[in-house]
Amino acid sequence: MPAAYIENETEFDALLNAESLFVVDCTAAWCGPCKLVAPLMDKLADEYGDRVKVFKLDLDANQGVAKRYGIRSIPAVMFFQQGDVAETLVGVKKYDEYNETLSKYLG
């Protein structure tokens, strides 16, 4: 199952309150490197689907979220734990790196 898109800041804020651990891939339609990360996020969503939710966030449509977290460069994958950013991986990484980062927070 592919990672779902967060529609707006209201939905994003609801996730902060509802989910103890989730992943957000900050992306944009014009971003070439983001297209390399997208299938990795889908794989992460598939692999951890029963334990962790993985989302994509279009920063063009959600500039408020980008400003709030100081995202200046994409792709950027944010790992949220208990409503706070635990870690952000900027740039294209190997799947293993996303996988290991998420595993670390699953404990």
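This short talk walks through the fold of one protein chain and then turns to its cysteines. Please keep in mind throughout that we are looking at a predicted model.

Let me begin with the overall architecture, where the protein chain holds 4 helices and 5 strands, and where the order of these elements, read from the N terminus on, is β-α-β-α-β-α-β-β-α. The radius of gyration of the protein chain is 12 Å, close to the 13 Å that the globule rule gives for 107 residues, so the chain is as compact as a globular protein of that length. Its C-alpha trace spans about 30 × 30 × 25 Å along the principal axes, and 44% of the 107 residues count as buried. If we take the contacts between residues at least 6 apart in sequence, we find that 66% of them join residues at least 24 apart.

Turning to the surface, the protein chain exposes about 5,700 Å², of which carbon and sulfur atoms supply 50%. The chain carries 11 positive and 17 negative charges, and the mean positions of these two sets are 5 Å apart.

Now to the cysteines: which of them are joined by a disulfide? The bond links cysteine 31 to cysteine 34, with an S to S distance of 2.2 Å, and the count of disulfides comes to 1. The torsion about this S-S bond is about 80 degrees, so the disulfide is right-handed. Both partners are buried, cysteine 31 at 3% relative accessibility and cysteine 34 at 2%. Cysteine 26 is buried as well, with a relative accessible area of 0%, but its sulfur lies 8.9 Å from the closest cysteine sulfur, that of cysteine 34, which is too far for a bond.

Key. Residues are numbered from 1 along each chain as its sequence is written. This is a predicted model: local features need pLDDT of at least 70, side-chain atom pairs count only at pLDDT 80 or more; totals for chains, interfaces and linings use all residues. Side-chain values use heavy atoms; hydrogens and water are left out. Helices (H or I, at least four residues) and strands (E, at least two) are DSSP runs, numbered from the N terminus. The radius of gyration is taken over C-alpha atoms; the globule rule is 2.2 Å times the number of residues to the power 0.38. Buried means under 20% relative accessible area, exposed over 50%, partly exposed in between (1.4 Å probe, protein chains only). Contact means heavy atoms within 4.5 Å. Accessible areas come from the Shrake-Rupley method with a 1.4 Å probe; for residues, only the protein chains shown count as cover. Lys and Arg count as positive and Asp and Glu as negative; His and the chain ends are not counted. The place of a charge is taken as NZ of Lys, CZ of Arg, CG of Asp or CD of Glu. A disulfide is a pair of cysteine sulfur atoms within 2.5 Å.
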